[in-house]
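Reader: I have a structure to read and do not know how to begin. Could we go through it one feature at a time?

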Number of protein chains: 2
Amino acid sequence: MHSLDLAPSDLRILIAVHRERSFSAAAISLGLTQSAVSHAIRSAERKVGVVLFDRGRGGALPTAAGESVVTHARRVLRLLETMGREAQTVASGQASGVLRLATFRSAAVYLLPSVLERFSIKHPQVDIEVAIVRDVDRGLAGEVADGKADLALATVAPTTEIPASLISAELFAEPYWLIHPPKLSDLRLLPLITWDENCSEETKKWLAAQEWEPPKTIPAADDSVVLSMVAHGLGFAVMPRLSVANCDSRIAVQRLDGQTPTRHVGYVTTPEMAPTLAVREFIRVLRDCLTVPASATL
Amino acid sequence: MHSLDLAPSDLRILIAVHRERSFSAAAISLGLTQSAVSHAIRSAERKVGVVLFDRGRGGALPTAAGESVVTHARRVLRLLETMGREAQTVASGQASGVLRLATFRSAAVYLLPSVLERFSIKHPQVDIEVAIVRDVDRGLAGEVADGKADLALATVAPTTEIPASLISAELFAEPYWLIHPPKLSDLRLLPLITWDENCSEETKKWLAAQEWEPPKTIPAADDSVVLSMVAHGLGFAVMPRLSVANCDSRIAVQRLDGQTPTRHVGYVTTPEMAPTLAVREFIRVLRDCLTVPASATL
DNA sequence: CTTGTTCCATGAATCCTGCTCATGGATGGC
DNA sequence: GCCATCCATGAGCAGGATTCATGGAACAAG
């Protein structure tokens with residue numbers, strides 16, 4: 001088991017060079033000399049037996065192998081970090097430290113408050129940092145995969161593919177609803193208001209299935225803007241229930257005909273974090289809150 | 001991100017002490033002095049901020065925190081190892097190194113040969129070590145969880161629970177069959193032959209559902225022994241199809257009545273190994289071979 | 001072409017960390 | 001009480017990591 005003797009400091013240097021695309025910039029960002037970085041990279045390359053960065057005039061570009069190594073390096077550092085946190089958790093018998101949570105707007109607004117309240121009563125030592133992230137592209141799962149968050153509350157199916165190297169499970173499924181201004185002659189004459197998020201794909205699918213082609217499509221920044229635009233009579237939209245939660249009286253809500261699409265919301269985390277007490281407890285509280293959701297007041 | 005500056009050598013020392021339950025024995029096993037180990041453990045404990053081993057007369061016993069740290073440490077080392085392997089793989093464009101595969105007997109005998117042949121043609125640089133492990137207790141998944149294997153072919157449901165910190169997926173499901181000597185008066189008078197493996201639970205369940213109480217139960221060492229005993233007329237058995245593959249003519253095979261139990265066979269691997277080229281390719285070849293299985297000659 | 005700038009590489013000097021050596025204290029068997 | 005067997009600790013040493021002081025290469029501007 002000759003497990004590649006790269007110390008955490010070496011890994012940090014690799015990551016810094018990767019980030020800065022430059023030995024000297026990496027050196028500054030770490031408070032080292034350019035020489036130290038150069039030596040460290042060279043010794044790392046000798047140990048791995050592969051060139052990790054192409055040095056050129058413009059700085060240092062990671063090779064394919066370099067990319068791979070840096071990805072692993074980040075993971076090693078995260079694992080070391082959770083190792084420390086977990087040790088303290090186990091020793092003190094209670095979770096402590098920081099839990100970085102990423103989620104989409106509507107969950108943060110309508111779902112999280114009660115969850116956070118219950119969680120912080122049970123685990124006052126845990127600081128929760130909530131990041132609201134739009135679920136586009138790799139979206140929330142990407143946030144976790146990149147190590148920017150420990151846990152995400154996200155759409156887990158069917159639009160979004162969760163990479164196999166992450167752990168996820170569904171928490172609940174919710175229907176999409178049709179929302180529109182209350183007084184209307186023919187809904188089909190109204191423009192469709194969309195927003196750029198993974199789950200908005202469902203909107204299009206359902207409309208297509210209904211052979212409903214809106215006269216116009218208006219893009220909005222996020223789901224709360226969509227709501228506001230609908231409230232002002234600018235058009236209609238198809239949105240997941242959570243986004244429609246406690247919206248104002250100028251909006252009429254109506255079930256979808258036919259094959260009602262549903263959005264599946266769940267959590268996503270890394271294999272490193274999953275066995276962690278803080279994460280397990282947070283998921284437990286989430287589940288508890290969802291059986292009797294405070295947001296069931298729709 | 002103060003990620004706990006424990007170098008690989010420190011981690012190895014922690015693991016050795018955990019294994020040997022003694023500073024001095026660990027020192028010997030690592031070719032160090034007892035003093036070095038003592039210093040290292042003390043400094044590790046200062047860094048983590050927690051006592052990791054209770055020192056007493058009889059040596060050093062890991063505390064709960066120590067257990068947790070060592071588990072993580074093993075994982076860090078494995079991750080560093082795959083980091084190196086992957087770097088070489090990416091740089092050379094082809095998988096190389098060792099792939100440690102654990103599986104149960106019948107898969108190794110009837111499934112693997114064709115898979116291994118195809119895989120080694122595609123990836124001649126990869127050495128595959130096959131370990132045949134009986135699937136009892138934590139069984140094959142445990143083999144992977146403990147880092148003794150990179151990939152396991154195992155029963156993934158419903159008997160065995162795969163821990164959430166591992167990655168697994170089903171490859172195929174197969175029915176259980178009833179096997180017995182060909183000429184018989186009443187099957188219910190024959191003894192049941194069982195063997196000690198997780199999937200043999202299914203046998204009992206099905207018999208119970210049929211209200212079939214065999215007059216006697218004979219335990220055998222493994223499934224091949226069961227087959228041989230049935231062939232010699234010593235009793236009957238309920239076995240998954242794969243175990244029954246190409247068994248001899250002195251055995252009669254028959255479908256089960258009622259709710260036919262099925263065994264779900266899949267792969268199990270770690271999140272570290274899953275994105276690895278060697279593992280991904282092996283699973284691909286597995287899947288390919290299963291759509292047109294060479295063992296479809298039953 | 002020259003000069004200057006901005007990269008990284010390299011060798012020698014220095015500093016610090018990790019190891020060994022040589023002890024000492026604690027615990028328990030005989 | 002003596003001895004064996006643990007681990008702890010401090011001093012000293014050696015080697016690896018970092019810095020310092022250079023040098024070479026690529027490129028842009030004059």
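Reader: Which side chain has an N or O atom 3.0 Å from a base oxygen of DNA strand C?

Author: That side chain belongs to A:Ser35. Keep in mind that this is a predicted model. When you read such a pair, note which part of the DNA takes part. For A:Ser38, the partner of the polar side-chain atom is a phosphate oxygen of DNA strand C, at 2.9 Å. For B:Ser35, the partner is a base nitrogen of DNA strand C, and the distance is 2.6 Å.

Reader: Which elements give two or more residues to the surface near DNA strand C?

Author: Chain A supplies α2 (23–30), α3 (34–48) and β2 (59–62), and chain B supplies α3 (34–48). The element that gives the most is α3(A), with 5 residues.

Reader: How many residues surround DNA strand C, and which are the closest?

Author: There are 19, and the closest are A:Phe23, A:Ser24, A:Arg57, B:Thr33 and B:Ser35. Sorted by class, the residues of this surface are 4 nonpolar, 11 polar and 4 charged. On the DNA side, 58% of the strand C atoms within 4 Å of the protein are sugar or phosphate atoms, and the rest are base atoms.

Reader: Now the other strand. Which residues come nearest to DNA strand D?

Author: Out of 18 residues around DNA strand D, the nearest are A:Thr33, A:Ser35, B:Ser24, B:Arg55 and B:Arg57. Sugar and phosphate make up 55% of the strand D atoms that come within 4 Å of the protein.

Reader: What do the side chains of B:Arg55 and B:Arg42 approach on DNA strand D?

Author: An N or O atom of the B:Arg55 side chain is 2.7 Å from a phosphate oxygen of DNA strand D. For B:Arg42 the partner is also a phosphate oxygen of that strand, at 3.4 Å. A:Arg57 has a polar side-chain atom 3.3 Å from a sugar or linking oxygen of DNA strand D. The elements giving two or more residues to this surface are α3 of chain A and α2, α3 and β2 (59–62) of chain B. Of these, α3(B) gives the most, with 5 residues. By class, the surface near DNA strand D has 4 nonpolar, 10 polar and 4 charged residues.

Reader: How should I read the interface of the two protein chains?

Author: Start with the residues in contact, then the buried area, then individual pairs. Here 38 residues of chain A are in contact with 38 residues of chain B. The two chains bury about 3,400 Å² between them, and 71% of that is on carbon and sulfur atoms.

Reader: How many salt bridges cross the interface of chain A and chain B?

Author: The rule finds 2. One of them joins the side chains of B:Arg12 and A:Asp5, at 2.7 Å from N to O. There are also 5 residue pairs in polar contact across this interface. On chain A, the elements that give two or more residues to the side touching chain B are α1 (8–20) and α4 (64–92). α4(A) gives the most, with 20 residues. That side of chain A has 24 nonpolar, 8 polar and 6 charged residues.

Reader: What about phi angles?

Author: Most residues other than glycine have a negative phi. A:Arg21 is not a glycine, yet its phi is positive, about 50°. A:Arg21 sits in the loop between α1 and α2 of chain A.

Reader: Where is B:Arg21, and what is its phi?

Author: B:Arg21 lies in the loop between α1 (8–20) and α2 (23–30) of chain B. Its phi is also positive, about 50°.

Reader: Why does A:Arg21 count as partly exposed?

Author: Partly exposed is the range between under 20% and over 50% relative accessible area. A:Arg21 counts as partly exposed because its relative accessibility is 34%. B:Arg21 is partly exposed as well, at 35%.

Technical notes. Residues numbered from 1 in each chain as written. Chains lettered and ligands numbered in written order. Predicted model: local features only at pLDDT ≥ 70, side-chain atom pairs only at ≥ 80, totals over all residues. Heavy atoms only, no water. Contact = heavy atoms within 4.5 Å. Buried area = accessible area lost by both parts, 1.4 Å probe. Salt bridge = Lys/Arg side-chain N within 4 Å of Asp/Glu carboxyl O. Polar contact = N/O pair within 3.5 Å; in protein donor to acceptor, adjacent residues only side chain to side chain. Helix = DSSP H or I, 4+ residues; strand = E, 2+ residues; numbered from the N terminus. Nonpolar A, V, L, I, M, F, W, Y, C, P; charged D, E, K, R; others polar. Near = heavy atom within 4 Å. Buried < 20%, exposed > 50% of the residue type's maximum accessible area, 1.4 Å probe, protein only.
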